[in-house]
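Colleague: I'm new to this one and would like a close look at a single part, the charged patch on the surface. Could you walk me through it and show me how it sits in the chain?

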Amino acid sequence: MTKGASSRRGGRSRTNDAPTGKTSKAKRGEGTDWNKLRHVSAARIRRGIASDPDARPTDEEFWKDAEVVWPTRKTIVTMRLDADLLAWFRQERGYQTRINAILRAYMKAHEAGEPGESC
């Protein structure tokens, strides 16, 4: 790596702002059709909300105990995983987020246990 280049894949070089590595690209046909959404009328949006059984209006009571919760920073780590395990996680986008959620669920399930206690 040249001096001044970012060590992170897809990062930018400090010298010429050029990409320094491979970045991911969205696949065709996936994602949100923003052009279509720009042309949806406000009346159609309201009808969609009214027809959604999970959408409920909120009031002062709903928000009285609300708190702003900022996400914590992630730490970059290097971890060795079995190839088949990593391949299974990588079948879908967001695999690192899923791995993080699984590890967090495991941690929370074992928080009540004694320190040093293994499963």
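Modeller: Sure, and one term before we start: helices here are DSSP runs of H or I with at least four residues, while strands are runs of E with at least two, and both are numbered from the N terminus. Keep in mind that you're looking at a predicted model. By that count, the chain has five helices and zero strands, so reading from the N terminus you get α-α-α-α-α.

Now to your patch. It's a positive one, made up of K36, R44, R46 and R47. Helix α2, which covers residues 42–51, is the biggest contributor, giving three residues to the positive patch. Take R47, which is found in helix α2: its relative accessibility is 54%, and exposed means over 50%, so R47 counts as exposed.

For some contrast, look at the nonpolar patch that V77, M79, L81, L85 and L103 form on the surface, with about 460 Å² of accessible area together. One of its members, L81, is placed in the loop between α3 (60–63) and α4 (83–89). L81 has 35% relative accessibility, which lies between the 20% and 50% limits, so L81 counts as partly exposed.

As for the chain around these patches, it has 119 residues, and 4% of them count as buried. Its accessible surface comes to about 12400 Å², with 52% of that belonging to carbon and sulfur atoms. Among contacts with a separation of 6 or more, 9% are between residues 24 or more positions apart.

How values were computed. Residues numbered from 1 in each chain as written. Predicted model: local features only at pLDDT ≥ 70, side-chain atom pairs only at ≥ 80, totals over all residues. Heavy atoms only, no water. Patch = residues over 30% accessible without salt bridge, like charges linked within 9 Å, V, L, I, M, F, W, Y side chains within 5 Å. Areas by Shrake-Rupley, 256 points an atom, 1.4 Å probe, with all protein chains shown as cover. Salt bridge = Lys/Arg side-chain N within 4 Å of Asp/Glu carboxyl O. Lys, Arg positive; Asp, Glu negative; His and termini not counted. Charge placed at Lys NZ, Arg CZ, Asp CG, Glu CD. Buried < 20%, exposed > 50% of the residue type's maximum accessible area, 1.4 Å probe, protein only. Contact = heavy atoms within 4.5 Å.
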